[in-house]
Amino acid sequence: MSGNIELLSATLAKARSEDRAALVAYLPAGFPTVDGGIEAVKAVIAGGADVVEVGLPHSDPVLDGAVIQTADDIALRGGVKIADVLRTVREAHAATGAPVLVMTYWNPIDRYGVERFAAELAAAGGAGCILPDLPVQESALWREHADKHGLATVFVVAPSSKDERLATITAAGSGFVYAASLMGVTGTRESVGNEAQELVRRTRATTELPVCVGLGVSNAVQAKEVAGFADGVIVGSAFVKLLLDAPDLPTGLAAVKALAGELAEGVRRG
């Protein structure tokens with residue numbers, strides 16, 4: 001079965017045709033529980049997210065800030081497994097028709113088996129993988145199986161990436177480019193800053209792929225700012241924090257749906 005890279009590309013193209021940025025939401029699988037995590041993904045899509053990244057919880061999440069680390073820890077203590085991540089993708093995509101990617105560090109895929117993971121992600125209806133710590137020069141095996149199964153390979157670029165390096169990364173990637181808006185870990189911030197806009201400009205000079213910006217966006221004002229120069233706005237920690245702070249799951253689901261609605265308004269450039 002083929003994965004949904006074409007659905008991902010069509011979804012991002014549709015947002016562009018509507019003169020807006022796409023809203024990309026991140027939520028970890030297995031948080032607050034596996035079933036609760038699936039409902040949270042459905043809720044952000046119902047609220048207005050175009051694309052969802054499902055995080056594969058990891059014990060050493062080097063890119064993630066305290067909020068996502070806390071959620072990952074809850075998921076891992078709850079016994080979340082790769083099968084649960086794939087189930088989250090499968091049920092969320094089946095229920096919504098939206099493109100769903102997995103964001104994961106490389107080690108869990110390597111241990112699970114590259115070909116096996118790619119085949120099972122495609123069979124679940126997944127659109128691809130975001131791989132923040134896989135060096136491009138070591139990615140040939142993954143990309144071979146991703147291409148075979150119709151999956152996007154999304155690499156992360158940062159303000160520190162030199163132009164030559166950007167060109168190498170974007171040439172190897174597919175689906176979109178994840179532009180980390182600033183050096184550091186994920187989390188909400190007061191301002192997204194000028195570094196992100198300059199990074200998008202430099203990245204676009206190397207590729208036709210959409211460029212989506214993450215790390216730091218948490219409200220509609222920031223989403224509007226980023227939508228002014230990026231093809232997609234990625235929001236994670238703000239959604240996760242609402243679920244962490246909620247007294248119960250229904251309250252948390254209502255909160256993430258409402259935030260998705262506000263952000264979906266924010267990414268409209270008018």
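**Figure 1. Charges across the predicted model.** The protein carries 23 positive and 32 negative charges, and the mean positions of the two sets are 2 Å apart. The model shown here is predicted. Its accessible surface is about 10800 Å², and carbon and sulfur atoms make up 52% of that surface.

**Figure 2. The overall fold.** Twelve helices and nine strands are found in the protein. The radius of gyration is 17 Å, close to the 18 Å that the globule rule gives for 270 residues, so the protein is as compact as a globular protein of that length. Taken along the principal axes, the box filled by the C-alpha atoms is roughly 45 × 40 × 30 Å. Of the 270 residues, 59% count as buried. Contacts between residues at least 6 apart in sequence were also examined: 74% of these join residues at least 24 apart.

**Figure 3. R16 in helix 1.** Helix 1 covers residues 5–17, and R16 is found in this helix. The relative accessibility of R16 is 49%; because exposed means over 50% and buried means under 20%, R16 counts as partly exposed. L121 is 105 residues away from R16 in sequence. In space, the C-alpha atoms of R16 and L121 are 27 Å apart.

**Figure 4. The ring pair Y112 and F117.** A pair of aromatic rings is described by the distance of the centres and the angle of the planes. The count of aromatic pairs in the protein comes to three. In the pair of Y112 and F117, the ring centres are 6.1 Å apart and the planes lie at 85 degrees, so the pair is edge-to-face. An angle over 60 degrees is what this label requires. Y112 and F117 are both buried.

**Figure 5. The ring pair F117 and W142.** F117 also forms an aromatic pair with W142; here the distance is 6.3 Å centre to centre, the angle between the planes is 50 degrees, and the pair is tilted. This pair links distant parts of the chain, with the two positions 25 residues apart in sequence. F117 is in helix 6, residues 114–123, while W142 is in helix 7, residues 140–148. Both F117 and W142 are buried.

**Figure 6. The aromatic cluster.** Four residues, W106, Y112, F117 and W142, are linked into a cluster by ring pairs. Among the pairs in this view are the edge-to-face pair of Y112 and F117 and the tilted pair of F117 and W142.

Conventions:
Residues numbered from 1 in each chain as written. Predicted model: local features only at pLDDT ≥ 70, side-chain atom pairs only at ≥ 80, totals over all residues. Heavy atoms only, no water. Helix = DSSP H or I, 4+ residues; strand = E, 2+ residues; numbered from the N terminus. Rg over C-alpha atoms; globule rule 2.2 N^0.38 Å. Buried < 20%, exposed > 50% of the residue type's maximum accessible area, 1.4 Å probe, protein only. Contact = heavy atoms within 4.5 Å. Areas by Shrake-Rupley, 256 points an atom, 1.4 Å probe, with all protein chains shown as cover. Lys, Arg positive; Asp, Glu negative; His and termini not counted. Charge placed at Lys NZ, Arg CZ, Asp CG, Glu CD. Phe/Tyr/Trp six-rings, centres within 6.5 Å; stacked < 30°, edge-to-face > 60°.
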